[in-house]
Amino acid sequence: MQGFSPSGTSFMGEEIAASNIQQARKRHRARHQKSRLGCFPCKSRRVKCDEARPVCGSCSSRGEPCSFPEPPATSDRTRRERPRSRRRCARSPHIHDPQPFLKPLEIYASWSPSSGTLVNDDSLNMDNLLSMQFFHLHTAQMMSHNPKRSMVWRRVIPDLAASHPYLMHLLLALGGIHMITERTRQRRGERDEVDLLVVMDHHQRGVRGFREEVARISNANAEAVYAGSLLLVAFVYASLQVPELNPFATTLNQQPPGPICKLHLSWLHLVRGVPTVIRDQWPALKASRMRPMVLHFHGEEYWDDLPFVSPLSNLSHCSPRFLLFAQGTCQAIADLRASCDAIQPPDSNGLHLIPGYSPASSDWAGYAPAGAVDVLETVYSRVVAVLKCSVSERGSPDDSDIQANLEEAAVQSWPSLVSDDFIALLDMDEPVNLVWGLSLVILAHYYVVNTLMDSWFLASFKEEVLKIQTAVSNLHNAQLSQLMMWPVKVVTT
């Protein structure tokens, strides 16, 4: 039953009439032209922007950075495609506007083509961007287990590179070669992310600038030069993983017949130069932002003659190679010493000196392999002390505990401890002597120390030990082959 108003009009009729009038108003209401030129912060907060440039009123009152989108294109094609794009964006709620208040690192803002840090100095190409990104996201994060030293890699070195073009080249080279090694390991040889030629171009430019700075090193540039030294050393270690940069050279020799394999050892000379920079500029470096890299909480004397009685059997929770190393160290050193006694040193009269070898002393006490074994025993003792210290601290340590202590003990400093005579023996032009073979075996034992370190740029030393095994086997000497069994067993465990 219908209801009626006092005037006799039906209530139902009034409701229908009001609805028709409201629909008519909606149809004739002018469309609101929503502004699409507001700043990004206002868009993200869903507030109205007055579009005042360069800083709108809303951002100005909040004291926040303000940035605007690019002006829309006015071509006919853009106008035709705009509604379609708007509808697609409306159906994609997961797409958000970029956040301009997330400021980029200062290094990106200060790095420009005019600074001379780009390949061919022409553009910020994709290879450079990939190398830069990979360095910040991965390389710098993986260079140290110590938080303070890690901060140097993540913040201090990039900051120095922003104001020193040669450091920027070295930084890009390191990030690029890390990307190459990582992609090669994951994708079985596919290296389409960054060009090796671009990486090497950065490396060469960085080396040229580094040499110029070293020639005039002083307190003013010591911090940057030392940062360059670290970048160079990391690069040369990493380059051993790239076949194009680390060929296993083979030459033919008549005495004895057959191929003689020669290792790539030039990296030793570069690594041995870093302590010189530290020693000459010690007062400046220990007071600079690089001081976490040169100061160690435990000095050398801490690791000598530690009265530990910790059972090394508690290393069962870490990599098996640590326990194998600890169990075989003493015997390995004893075997090397016996071989030094058995293989005669060069004749003191100079009649049977090895080609390319000119020792500083012709006495038996100055025999290079014997001195190298002395240094090796010191380094091995320090590693064993680290293992015992880790057991004392943790009871049953894991790999991360041991790695932090190995870094603190500076066991990788062995290249600067061996003598020049030993390096000369390794770097002979005609490696046909048993003394050379013995020196290679000793070098393989040093390489074992590097395989104990869990660092991406040291990943090649397992393969380097196997290369030495091949080179030694070509000498057909049973004694040297026997000496190679222990280091091969450790690195392959």
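## Exercises on a predicted chain

Setting aside neighbours within four places in sequence, alanine 238 is in contact (heavy atoms within 4.5 Å) with Ile177, Thr181, Trp456 and Phe457. The model is predicted: local features need pLDDT of at least 70, side-chain atom pairs count only at pLDDT 80 or more, and totals for chains, interfaces and linings use all residues. Residues are numbered from 1 along each chain as its sequence is written, and side-chain values use heavy atoms, with hydrogens and water left out.

**Exercise 1.** Place alanine 238 and state whether it is buried or exposed.

*Solution.*
- Step 1: find the element. Alanine 238 sits in helix H10, residues 222-239. Helices are DSSP runs of H or I with at least four residues, strands are runs of E with at least two, and both are numbered from the N terminus.
- Step 2: check the area. Buried means under 20% relative accessible area, exposed over 50%, partly exposed in between (1.4 Å probe, protein chains only). Alanine 238 has 0%, so it is buried.
- Step 3: compare sequence and space. Leucine 174 is 64 residues from alanine 238 in sequence, yet 8.2 Å away, C-alpha to C-alpha.

**Exercise 2.** Describe how helix H15 packs on helix H22.

*Solution.*
- Step 1: choose descriptors. Two packed helices are described by the angle between their axes and the distance between the axes.
- Step 2: read them. The axes of H15 (residues 320-342) and H22 (residues 485-492) come within 9 Å and cross at roughly 170 degrees. Axes are lines fitted to C-alpha atoms, for helices over the stretch in contact; angles run from 0 to 180 degrees between N-to-C directions.
- Step 3: classify. H15 is therefore roughly antiparallel to H22, a class for angles over 145 degrees.
- Step 4: list residues. Arg321, Leu324, Phe325, Gly328, Thr329 and Ala332 in H15 meet Trp486, Lys489, Val490 and Val491 in H22.

**Exercise 3.** Which residue's backbone nitrogen does the side chain of aspartate 127 reach?

*Solution.*
- Step 1: locate it. Aspartate 127 lies in helix H6, residues 126-139.
- Step 2: check the area. Aspartate 127 counts as buried because its relative accessibility is 18%.
- Step 3: find the partner. The side chain reaches the backbone nitrogen of aspartate 195 at 3.4 Å.

**Exercise 4.** Assess the confidence of the chain.

*Solution.*
- Step 1: take the mean. pLDDT, the predictor's confidence in each residue from 0 to 100, averages 76 over the chain, and 69% of residues reach 70 or more.
- Step 2: flag a weak stretch. Over residues 348-365, pLDDT stays under 50.
- Step 3: draw the consequence. Where pLDDT is low, the predicted coordinates should not be read in detail.

Terms used. Angles under 35 degrees count as roughly parallel, over 145 as roughly antiparallel, 65 to 115 as roughly perpendicular and the rest as oblique. A polar contact is a pair of N or O atoms within 3.5 Å; within protein, one must be able to donate a hydrogen and the other to accept it, and residues adjacent in sequence count only if both atoms are side-chain atoms.
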